[in-house]
Protein chains: 2
Amino acid sequence: MKAELITIGDEILIGQIVDTNSAWMGQQLNMLGIEVYQVTSVHDNHDHIMKALAEAEENADLVLITGGLGPTKDDITKNSLCEYFDTELVYHPEIFEHVQSLLSSRNVIVNQLNSDQALLPASCTVLHNSAGTASGMWFERNNTIFVSMPGVPFEMEAIMTEEVFPRLTKLGITQSIVHKTVLTIGLPESMLAEKIEEWESALPGYIKLAYLPSPMMVRLRLSGYGTDQSVLETEIDQRVKELITLIPEHIFGFDDENLGLVIGRLLVESGKTLVVAESCTGGNIAHFITSNPGSSAYFKGGVVAYSNEIKNKLLDVPMELIEAFGAVSQQVAEAMALGAQKALNSDYSVATTGIAGPDGGSDEKPVGTVWIAVAGPSGIQSKKYNFKHNRERNIIRTTHTALNMLRTLILTENSTAK
Amino acid sequence: MKAELITIGDEILIGQIVDTNSAWMGQQLNMLGIEVYQVTSVHDNHDHIMKALAEAEENADLVLITGGLGPTKDDITKNSLCEYFDTELVYHPEIFEHVQSLLSSRNVIVNQLNSDQALLPASCTVLHNSAGTASGMWFERNNTIFVSMPGVPFEMEAIMTEEVFPRLTKLGITQSIVHKTVLTIGLPESMLAEKIEEWESALPGYIKLAYLPSPMMVRLRLSGYGTDQSVLETEIDQRVKELITLIPEHIFGFDDENLGLVIGRLLVESGKTLVVAESCTGGNIAHFITSNPGSSAYFKGGVVAYSNEIKNKLLDVPMELIEAFGAVSQQVAEAMALGAQKALNSDYSVATTGIAGPDGGSDEKPVGTVWIAVAGPSGIQSKKYNFKHNRERNIIRTTHTALNMLRTLILTENSTAK
């Protein structure tokens, strides 16, 4: 079964928002064994929407449309769909009641724009939107299914999960796609490719390998295509095991895992705690860790020590040390990590101090210069990096590099402890 | 001039990465007055790439292609382009030298995969990639320009900025598009629409209005289309002035501004400082503030007080208070804000304590219950919220609501001080 996604909205084409819906839908459909053939983003423009619908009907068995269903005048998807399917809007009192009850729970008074959301095309099956006021719509024509949903991500996700997937599952899908993603850190793409070249060449034709580099990591995605889900899973598991033996120290996780999650698991296993002392990362390490549910079990918190005063006051970094070596130095990074570990009574700590940019660089310490220190029960490690990127990227690279240093330290401590 | 963007890569269609390149390109092209007509994402598949190129050639004057230029075997864009333009790969020694010097600066040894990146189609103009090893390619045919670039965002951005835009500017573009975005907070979309209904109806036909709701804010985008840039700018400025008089308290900024930036400006103007005391937001407020360059001028740092121990130890919140009212309470939120303000010697502070979820909720305090407190030179304010969302969204909503409370407090303090 082949799907096409159509996203409708000027805001995507002029780059005001990033299209995260398509990625979410692609992931979910894949798990159901439905291949996304194409994603097409078009304007809030009648002719353009009609053209995209017609082209998608030719290519795909399933067309998922997002966007343009809001209560305001710039949203024209509903009327365009009426014309495409040669039908007209009819009033649904039960939808009006839903809109009314949802808005009153938010202390919003229903107006004409809201009540127009109860007008829906006569020939569609209305899909309940538990998260918002714009209903989904399900049309069928010439063996192609069309589903229209609002563009607000959590509303689209609610309709997909509660209404669309159960219906698709009933259709009985046979094509299997199995993906497994291996998360690596510490090797650039081409060095990684060289290290695993023989392994890659030996992959069977029905398993594809893709390299997905980012500032955080290089992901290796294995995709198997066939008819038997369990055969594909077994084969891919075997290939992943071989890969692990080739680059064990560079693989930190799989699929949707992240370094924060992996570190959390290691800390829970060993019953240890973590704190942070962040200067140049400005809270991003703490944010990254606390994005994972359950992080309060091992993460106690920490200090965002942006000013030297706070480095001194809360982390006991001596002012003389900062004056002698500068805030961006091995001495200060280590003093921050040890100070946080002690003051906040934690087993592990991670500290960053650097120049994120765009200002603050010098010849000796250019923008991107970062010192990272990680402390554990048996001691401390620190390292200097030169990331040479823009502010955002320097913060991301520092965050992930620091977390990987921490991961390695915990692994070493845990293996020593055994 | 009409542009189409083609992004090539299975990773987009299976949802493994979010396509941020298209948004960036859309923004930049708009500023040059080039309208993006469509974004199309296709597989790393020869036939599909050829079909997308042919369709784009029909619709657009400019086709920008990203992805599939890496050194690894899954990347087939270069060979597909050779076939499409009926040309062959030729070796460029100067590109090989560039690849070699770039990799050696990163301590990577050049291998066969890297040296193949010096093979490029004979009929294209090679575009220098200052940020990576995969060159850009510029083709022209039947009055359509095709540009192929790597999919790694910072490499694509380098080639666009240094090579593509200067060439496009030389073409002499006349169509003008002017966008102005008004950032609002504190009113849901439909209530906002009702408040500005008359103003919206009075907009001339060549100015379009779009509502862009998100968990952070509702953005109102005005887009003017015409031939005279300065006429459009004047007209849109006038309409925005009218809008400000309608909803003054809900407008916090414009275009790419964010609450952190706006708050930073207010603090710099009044020469005041800020600290944070974050529990449920786990560092996200600090991260949001420090994402803005120059934030060290007014942001001193703060405490991520995830554990009660840290709330007590670093922010002087009495343990008896936490035991009596619970960590998620008005009393604790206010004690955190006052504790941070005092201990960290700051003019302003912002504190959050709540249940982000998915665990930790109770009947009395369900997931999404949040107390926010903001303290300033003249006093403290606090408020309870029930966000009722998932973890990620609760953190985002709390962050932005807290920052907006802070913004309002600073405005009040500044106007009182005058």
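**Exercise 1. Find the residue of strand S14 of chain B that is the bridge partner of A:Gly301, and then place this pair in its sheet.**

Solution. In S14(B), A:Gly301 has B:Ala305 as its bridge partner; the model in which this pair is found is a predicted one. As a next step, take the two strands as a whole: S14 of chain A, residues 299–305, is joined to S14(B) by five bridges, and the two strands run antiparallel. The pair then finds its place in an open sheet of ten strands with mixed pairing, whose order is S17(A)-S16(A)-S15(A)-S13(A)-S14(A)-S14(B)-S13(B)-S15(B)-S16(B)-S17(B). At the edges of this sheet are strand S17 (379–386) of chain A and strand S17 (379–386) of chain B, each of which pairs on one side only. On average, neighbouring strands of the sheet are turned by 10° against each other, direction being ignored.

**Exercise 2. Determine in which sense strand S13 of chain B pairs with S14(B), and name the residue that stands opposite B:Glu278.**

Solution. Strand S13 of chain B covers residues 274–278, and its pairing with S14(B) is parallel, over five bridges. Within S14(B), the residue opposite B:Glu278 is B:Val304.

**Exercise 3. Describe the contact between chain A and chain B by the residues that each chain gives, and by their classes on the side of chain B.**

Solution. Begin with the residue counts, which are 79 for chain A and 78 for chain B. On the side of chain B that touches chain A, strand S14 (residues 299–305) of chain B gives the most, with seven residues. Sorted by class, the residues on this side of chain B comprise 36 nonpolar, 27 polar and 15 charged ones.

**Exercise 4. Work out the order of the sheet of twelve strands, and say which strands stand at its edges.**

Solution. The order of this open sheet, whose pairing is mixed, is S6(A)-S7(A)-S8(A)-S3(A)-S1(A)-S2(A)-S2(B)-S1(B)-S3(B)-S8(B)-S7(B)-S6(B). Strand S6 (125–127) of chain A and strand S6 (125–127) of chain B stand at the edges, and since each has a single partner strand, one side of each is left without a neighbour in the sheet. From one strand to the next, the twist averages 20°. For a pairing inside the sheet, look at strand S1 (residues 2–8) of chain A, which is joined by five bridges to strand S3 (residues 62–66) of chain A, the two running parallel. The bridge partner of A:Leu5 in S3(A) is A:Leu64.

**Exercise 5. Decide how helix H13 of chain B is oriented towards helix H15 of chain B, and list the residues that make their contact.**

Solution. Helix H13 (residues 308–315) and helix H15 (residues 330–343) of chain B have axes that come within 9 Å and cross at roughly 40°. This angle makes H13(B) oblique to H15(B). H13(B) brings B:Lys311, B:Leu314 and B:Leu315 to the contact, while H15(B) brings B:Met336, B:Gly339, B:Ala340 and B:Ala343. By class, five of the residues in this contact are nonpolar, one is polar and one is charged.

**Exercise 6. Explain why B:Leu192 counts as buried, and describe its surroundings.**

Solution. B:Leu192 is part of helix H8 (residues 189–195) of chain B. It is buried because 20 other C-beta atoms lie within 10 Å, and the cut-off for a buried residue is 20 or more. Leaving aside the neighbours within four places in sequence, B:Leu192 is in contact with B:Thr184, B:Leu187 and B:Val218. The C-alpha atom of B:Leu192 is separated by 9.4 Å from that of B:His250, although the two residues are 58 residues apart along the chain.

**Exercise 7. Give an account of chain A, going from the whole chain to its domains and then to helices H2 and H16.**

Solution. Chain A has 16 helices and 17 strands, and of its 418 residues 49% count as buried. Its domain assignment gives domain 1 (2–170), domain 2 (176–254) and domain 3 (259–417), and the centres of domain 1 and domain 2, taken over C-alpha atoms, are separated by 35 Å. In helix H2 (residues 21–31) of chain A, the buried residues are A:Asn21, A:Ser22, A:Ala23, A:Met25, A:Gly26, A:Leu29 and A:Asn30. After H2(A) comes A:Gly33, which has a positive phi, near 85°. Helix H16 (residues 391–417) of chain A lies across strand S15 (348–354), strand S16 (369–376) and S17 of chain A, and runs at about 25° to S16(A).

Technical notes:
Residues are numbered from 1 along each chain as its sequence is written. Chains are lettered from A and ligands numbered from 1 in the order in which they are written. This is a predicted model: local features need pLDDT of at least 70, side-chain atom pairs count only at pLDDT 80 or more; totals for chains, interfaces and linings use all residues. Two residues are in contact if their C-beta atoms, placed from the backbone, lie within 7 Å. Helices (H or I, at least four residues) and strands (E, at least two) are DSSP runs, numbered from the N terminus. Ala, Val, Leu, Ile, Met, Phe, Trp, Tyr, Cys and Pro count as nonpolar, Asp, Glu, Lys and Arg as charged, and the others, Gly among them, as polar. Two strands pair if DSSP finds at least two bridges between them. Axes are lines fitted to C-alpha atoms, for helices over the stretch in contact, and angles run from 0 to 180 degrees between N-to-C directions. Angles under 35 degrees count as roughly parallel, over 145 as roughly antiparallel, 65 to 115 as roughly perpendicular and the rest as oblique. A residue is buried if 20 or more other C-beta atoms lie within 10 Å of its own, exposed if 12 or fewer, and partly exposed in between; C-beta atoms are placed from the backbone. Domain bounds come from an automatic or database domain assignment.
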